[in-house]
Structures are given as structure tokens and as C-alpha cells.
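Student: Please take one part of this structure and examine it closely, then show how the surrounding parts relate to it. I am new to this protein and would appreciate a connected account.

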Amino acid sequence: MSQLFISYLNLITTQKIKWNDVFAVLLHPLMQPETGLFELQIYYRGAGKIYFDKTDEYLLQFPEIKEKIEKIIFSDSETDIFSTIFSFLKKFARSENRELTIVTEKLLSLVKNLQNYYSLLEIEPQKTTLKKDLLFILQKAEIHPKKHEFGIEIMGFLDTLDLQPEKLFLLGLNEGSFPISKPTNPFLNPLPNYSWFISMQLLLRWNALGNKVKYFAAERDVDGTSLQISTLLENFHKSEENLSDLEYQSLRNFLKKYYGKKILNFPYHKQIIRHNALLDESISEFSGKTEKIESNKLFFSSSSFDKLLQCPMKYWFAEILKIKQIDYDEDKENRRILGNILHKSLEKFGKAGGFRKLREDFSSACLLLEEKLRESFDEYKINPDENLLLKNLYKIYRNNLHKENSANLLVRLLKWNLEKFSDFKDAFFEQKFGMKNETADNWDFPEIGDDKIKLLFRGIIDKIFIFPENQIIATDYKTGKFDFKEIIEKTNSQFVIYLLALQKHFSNFKIKIAVEQIKSLRKAENGLSTFLEIREDTLFVPSGKTFIEIPLSELKEHFLNVAEKIIAGNFGVASKELRRKVCEYCEYKSICRKDSQF
Ligand code: SF4
């Protein structure tokens, strides 16, 4: 509450209102949330508009929020600034939350005192001085602890004098702290100090409470220096209880013991209900149960279906809520654009006959790719020489491309293409399938399932070579990490979907798929991967030096199983556990709260 009050003071006393000050108040958890508020904040942060302007066109689209802001800042019914503050604070004074009421009442009384003080001295309140005075008073203000129905009350030694405690733990009974020491002023004569006498009285009082009292004296200070037990406690016997092994017991730590186990003796506690429900096999509201879908068909792009397989929550954030990080991650954005530029250059190169040219004249093929790379930079409005960061990022793709230098990753890519694929007779580049806006070069969407449940896919295959004797090799350029293991773990559908699209378009062809990795110059991060093959409806997935065989029907069944649950409304968005591999680089880690199961 005090934090909200300080933000509110900033807002009403500033000469020129900033959006930051407005949002510090409106987005405070104690304020009533307003629809569109986050949208508004994202807009103003992104647009770089600093100062509040009530005539701003974007704000006018949110009349309720505009009205609320105006009411807070320019309270029309209130004539002076004190009344404006009172009317703001009074909204919190009758809260059901006892703590909030206490703090608000304290704030009201502080403001009231200041108002009286101003009127006694006949001071006209000015915004800047008022803020300064109130902040000064706030700094000094204290709210004395009152008795609570739960928890441990913490107090000083002297406060224990007239206590009738159930239990009393006395901490810090060390030399220097007990007998109670009084700060002295070297410039003044010391006042009479009866600390020994007072401390002895306290000790007698504690003694009278018998075994309700436990005495503690630390052996070491926080910095490791050893401490002495108080002289007054010299005749006490040290307890044999070894406390050093005791685990620090916060509620959270205590509950961690129940990780993976149900807690049955607190069925009414909200967190525990959620904890137990998450451990149940059934899909509940706590695992993000979805609504039933009327249609029996589901459309997915291969990348979005992968997200769904990896983690439905990630899919939900990215594809349904379309949440984007507000803070600009320059590195990530640069890598995304790099991927697009390389894909575009290789598409242009392929469509201009570059891969055919390789067989005849490798040098001119390199020159052609260099030209296409330049064109793509222009298309994406990227100047790779703009700064050192970009220069460094693109150097392994740009430097010495025309010189056929193997330190250039695109030269390496051309070399393995020449070596492995030079006898192709036809080729397709960035081949679309299943796209909604049908164009002539868009292939039909592959589908799995039957009349009851159908899954339809769309996507783009980077490169397809057709070879004699009905052979096809499709490849995917990767500028990031990839592991075929994901297919075995059934968290990657991309290549299976490509296979289905190719099978649909070319029946009776032998199909292979590979990855052309151009991530970095490190050995493991560039090169042509082993081929993923399909033979008689069995997928041969590369795994180390061998292959793992997976029936295509098994993967289809897994995908349909997911679709069936979604359609039936029996799907839990939050049903997947936090998993190291998938979660490690997930951009939604900070908001998915998957680690809140204790
Ligand atoms: S952090 Fe993990 S559990 Fe959370 S959304 Fe991302 S992938 Fe899913």
C-alpha cells in the first residue's frame, strides 16, 4: 500500500505526467484491473511515448481507462489536493484485508496531520513541497505490530518483560548484545546506564517462565568471526541438541517434501488442492482443461504442431495468446533475421539455377550465391556492415564466398551439395503445401485420420531434389540446433509432415530427408546430416551410427491421439511437467509457473 501511495504521490504532484507514473499506479496489484490496460502499456512502451496526453488517439480507443486516469489525477469533485488524496486513500480504508486497512488508516492520519500543520501555519499546499513533506513523514512513520492469530511475533528483549508466552525463544544472548548495550555519544557525558541491572532483571523474569523459554547464543557472526556467550549466561548448560542439521523450514521448503506425493490432510488449502489435482491423471481446471471443439478437423503448421507436442502451454502462449516479449532481445532478433536471409538467398539461388550451375562452374555458382545474398540483405533492409555485432554474425556466410574459401559456411554447403546431389533432374525451392491463400505453386495439404478426427498440415519445404528412378531427397536448412532424437521422443513432427506432403504429391517415390546445418564453423554445427528414410511405412531415424525404426502408423496415432483429446475438450494445456530440455530455452519460462508445484 505504501508503494502504491508513493506512486500515486508522484503522479498527482508531477508537473508533466509520464506514462510510467500512470502505469505504476494503474497496474499496481491493489488497483482494480481494467480491460485493455496491458495492451495500452505495451503500446506506449513500444511507441516510445513518454508523456501522458489525454488527447492521444490510441488512448481514445480505451475510454474507460482514460476516464479512470482522469479521475485519479484530476479528481473533479475534490477542490484541493488534500481532499483528492483523502478520496483516493479512502477506497482502501474499508478493505477486507486487515493489514491493508491498518496501513491505509495510518496513511490517512499522516496526511491529516500534515493538513492540520499546514493550516496552523497558514501554508498554502504546493505540489512539490507537499510531496517532499509527505515522503519525509512517511520515512519516519512506523506501524506497531499487533497481535496476529498466527505466526511468530518478533520483539526486543525489553518487550518480553510483561509477557505470558506459550514459548519464548531468546536469540543473540552474546557478549556485546546482552547485557543490553546502549549507544554512547563520545561528545556527551554518558547518561547513567543500568544495563547490567536491567539485564539481570530480565534474566530472572525469563527464569521464572521455566522451560517455556529457550536461550540461544550464536557461535559465529555472519562474517564467520567467533562470538562469545554472554557472561550472564556462564552458568547455563549447553544443550546437547544438535541444531546445525536442521533444515531451514520455510513453508515452501516444508512442502517440498511432498513433491510428487499427494497431501491428504489439508484438503481445503487452495495450493494443496491444485498440487493434488496436478498429480492426478485426470485433466482438471488446474491442468488447463480446454473446451470441446465442434469441428472434427484441426489445421496446424508443422512448427506450431511441434510446439504443441513439446509443451501445450508453450503452444498456447505462442499460437493462441500470441504473447511476445516486450523487452527487445537484439541477439535473438538478429539470429531470426539471419535465418530468414539465408533461406531467402538459397531460395533465390536455387530458382536462378544455382544448384545446376554447381556441376558446370563452381566459381560462378559461388558468385551467384554472393549476389543473391546481397539481394536478400537489401530485401530485409539489413546492412551487415552497420556495426561490429552484425559484421561478426554474418562474416562466416559473407567473407570470401566468391573466393570459394572453406571457412565460409555457404561454400561448404555448396560443396556438399555438389558432392551428394549433383545428379538431380528436377528441383523445388521453398515449396509450400497446405497454405490457406492458394497460389499455383502451393501443394495440397497432407492429412491424417478419418471422418471422425482429421489433422491437416501446412508448411514449407526448403529444398526438394528429384533424382532418376523416382528418388526424392528433401532438405531443411538449419541455422540453429537440431537433433533427430526429437522424432524418436515424438516431440518433432516437422519431418513426418514433410514426408506426408511429399508422399501425397509424389506417389510411389522413394523419399529421404536430411538437414543441412549451417549454424557455425564448429564441426558438430555444420554439415549434411544422415538421411532420414521411409521404407514400407517404417521410418528409419538416424541415431548415432545406426537407425531407429519407428512405424509411421505409431507416430500418426500419437498425433491423432493429441488431436482427439483437443477436439473432445479433454486436453490439459498445463498438463506437461517442467522438463529440462524443452524448458531450458523457452521464452515463456518466467510466466508459465510450472515450477509452482511444490
Ligand atoms: S518453460 Fe517449459 S513448461 Fe513452461 S511453457 Fe516453456 S516449455 Fe512449457
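Tutor: In this predicted model, strands E7 and E8 form a hairpin with three residues between them, and Glu 469 takes a positive phi near 60° there. Such a value deserves notice, because most residues other than glycine have a negative phi. The two strands of this hairpin, E7 and E8 (residues 471–478), run antiparallel and are joined by five bridges. One pair of facing residues is Lys 463 and Thr 475, the latter in E8.

Strand E7 is a good part to study closely. It covers residues 454–467, and twelve of its 14 residues are buried, so the strand is largely enclosed by the rest of the structure. A residue counts as buried here when its relative accessible area is under 20%. What, then, pairs with E7 besides E8? Three further strands do: E3, E4 and E6.

Consider E6 to begin with. This strand, residues 447–449, is joined to E7 by three bridges, and the two run antiparallel. Glu 447 has Leu 456 of E7 as its bridge partner. E6 and E7 also form a hairpin, with four residues between them. E7 therefore takes part in two hairpins, one with E6 and one with E8.

Strand E4, residues 426–433, pairs with E7 in the antiparallel sense over seven bridges. Within this pairing, Ala 427 stands opposite Phe 465 of E7. The pairing with E3, residues 297–301, is in the parallel sense and has five bridges. There, Leu 298 faces Leu 455 of E7. As general background, the side chains of a regular strand alternate between the two faces of the sheet.

Phe 465 leads from the strand to a cavity. Two cavities of 30 Å³ or more are found in a search of the whole structure, and the second largest encloses about 40 Å³. Phe 465 belongs to the lining of this second largest cavity, together with Phe 355, Leu 358, Arg 359, Asn 417, Leu 418, Phe 421, Ser 422 and Phe 424. Helices H15 (354–360) and H18 (409–421) are the elements that give two or more residues to this lining. By class, six of the lining residues are nonpolar, two are polar and one is charged.

Helix H18 also helps to locate another residue with a positive phi. Glu 404 lies in the loop between helix H17 (388–398) and H18, and its phi is near 60°, a positive value in a residue other than glycine. Its relative accessible area is 28%, so Glu 404 counts as partly exposed.

Further along the chain, a second set of strands can be set beside E7. Strand E9 (residues 510–518) pairs with E11 (residues 532–535) in the antiparallel sense over two bridges, and Lys 512 has Glu 533 of E11 as its bridge partner. E11 in turn pairs with E12 (residues 538–543), also antiparallel, over three bridges. In that pairing, Arg 535 has Thr 538 of E12 as its bridge partner. E11 and E12 form a hairpin with two residues between them, and Glu 536 in its turn has a positive phi of about 45°. Like the hairpin of E7 and E8, where Glu 469 has a positive phi, the hairpin of E11 and E12 has a positive phi at a glutamate.

Where do these strands fall in the division of the protein? Domain 4 is assigned residues 406–568, while domain 1 covers 2–140, domain 2 covers 157–233 and domain 3 covers 249–279. The range of E7, residues 454–467, falls within the bounds given for domain 4.

A backbone feature of another kind occurs in domain 2, whose bounds are 157–233. The peptide bond from Phe 178 to Pro 179 is cis, with omega near 5°. Pro 179 lies in the loop between strand E1 (168–170) and helix H9. Ser 195 is found in H9 (residues 195–208), and with 11% relative accessibility it counts as buried. Apart from its neighbours within four places in sequence, Ser 195 is in contact with Pro 179 and Ile 180.

Methods:
Residues are numbered from 1 along each chain as its sequence is written. This is a predicted model: local features need pLDDT of at least 70, side-chain atom pairs count only at pLDDT 80 or more; totals for chains, interfaces and linings use all residues. Side-chain values use heavy atoms; hydrogens and water are left out. Domain bounds come from an automatic or database domain assignment. Buried means under 20% relative accessible area, exposed over 50%, partly exposed in between (1.4 Å probe, protein chains only). Contact means heavy atoms within 4.5 Å. Two strands pair if DSSP finds at least two bridges between them. On a 1 Å grid over the protein atoms alone, a cavity is a set of points where a 1.4 Å probe fits but cannot get out, and a pocket is an open set with protein on both sides within 12 Å along at least five of seven lines; lining residues have an atom within 4 Å of a point. Grid points are joined across faces, edges and corners, and a volume is the space filled by probe spheres set on the points. Ala, Val, Leu, Ile, Met, Phe, Trp, Tyr, Cys and Pro count as nonpolar, Asp, Glu, Lys and Arg as charged, and the others, Gly among them, as polar.
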